[in-house]
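Colleague: Could you take me closely through one part of this model, the main nonpolar core and the helix that serves it?

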Amino acid sequence: MARQSGPLKYKGTLGDIRHFKIKGLQGHFAGLVGGPTGEQVKTAPEFERTRENMNEFGGCAAAGKSIRVGLAQLMKQMSDPQLTGRLTAIMKKINLEDLTEARGYRAILISTQRQYLTGLNFDKNISLDSVFYAPYTLTNTPARDSATLTVPAFNPLNYVNAPAGATHFRLISAISVVSDFEYNDTSGIYEPIDPSLNELSDVAYSGYIDLSTPVALPTTITSTLPGSPVMTADVSVLNCIGIEFYQQVGTNYYLFNSGNALKVQDIF
């Protein structure tokens, strides 16, 4: 793949060369036109392995999307442009762990392979651990429908790495349910095993905390799933913690577009 460095910028195909952009990367790119036709990929015996890979890739993309949808209200300010691809890659690792189904139809059993998602930073360029250092604890209810983040009294000047211009921050405790996925022979696609619970979520915030003032009392944030749902063995609950930065102007607080961080701290 070539990278275009000259002043002429365009998309599309010129002769045997196609030009395109890649989301999240600077510049324009070029590559040769070619490859098998769509009909060959769908029917030719030599592309059987390709069809198997495409089928499972679609399932992994669907499972990753469920995480993004469940935490949609945080994604704009907390994620990088490659998050979709990174989540799909994680789901593919989970998919490969299924040794019971045939290739091309292996399930995505997140509930048995939670280690692949634990510790995920939604923005690969900003680690929560590099922004927020204060000690904290996480607890969840036996019913798996609620989680609490508790941060003892601390001084933000010592434990928060804030972007320039920020005056305040808010801490976040979020929980989001993601179901295991399996291939449905009738629909011909991967679907959540428990669709009624998949993507259920709740995002809870602390108050606005002054960056220049010690926090004298413990900060407690509890997130609770709506409707008191009954969790099943086929779902996992992602417990995420995060921090958002603000600038106070008068009585208003303006959210920063950068410097914020969100991490999957626990899965239960």
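Modeller: The largest nonpolar core, meaning a set of buried Ala, Val, Leu, Ile, Met, Phe, Trp, Tyr and Cys residues joined through side-chain atoms within 4.5 Å, has 28 residues, and those with the most contacts inside it are I67, L74, M91, I108, L117, F122 and C240. Two or more residues each come from helix 2 (48-70), helix 3 (72-78), helix 4, strand 7 (168-179), strand 13 (235-249) and strand 15 (261-267), where helices (H or I, at least four residues) and strands (E, at least two) are DSSP runs numbered from the N terminus. Helix 4 gives the most to this core, with five residues.

This is a predicted model, in which local features need pLDDT of at least 70 and side-chain atom pairs count only at pLDDT 80 or more, while totals for chains, interfaces and linings use all residues. Residues are numbered from 1 along each chain as its sequence is written, and side-chain values use heavy atoms, with hydrogens and water left out.

Helix 4 (residues 83-96) has 14 residues and reaches 20 Å from its first C-alpha to its last, close to the 20 Å expected at 1.5 Å a residue, the expected span being 1.5 Å times one less than the number of residues. Within helix 4, L83, L87, T88, I90, M91, I94 and N95 are buried, that is, under 20% relative accessible area with a 1.4 Å probe and protein chains only. These residues lie on the same side of helix 4 because they cover an arc of only 160 degrees around the axis, taken from the directions from the helix axis to the C-beta atoms.

Leaving aside neighbours within four places in sequence, I67 is in contact (heavy atoms within 4.5 Å) with L87, M91, L117, F122, V178 and L238.

Note on methods: Buried means under 20% relative accessible area, exposed over 50%, partly exposed in between (1.4 Å probe, protein chains only).
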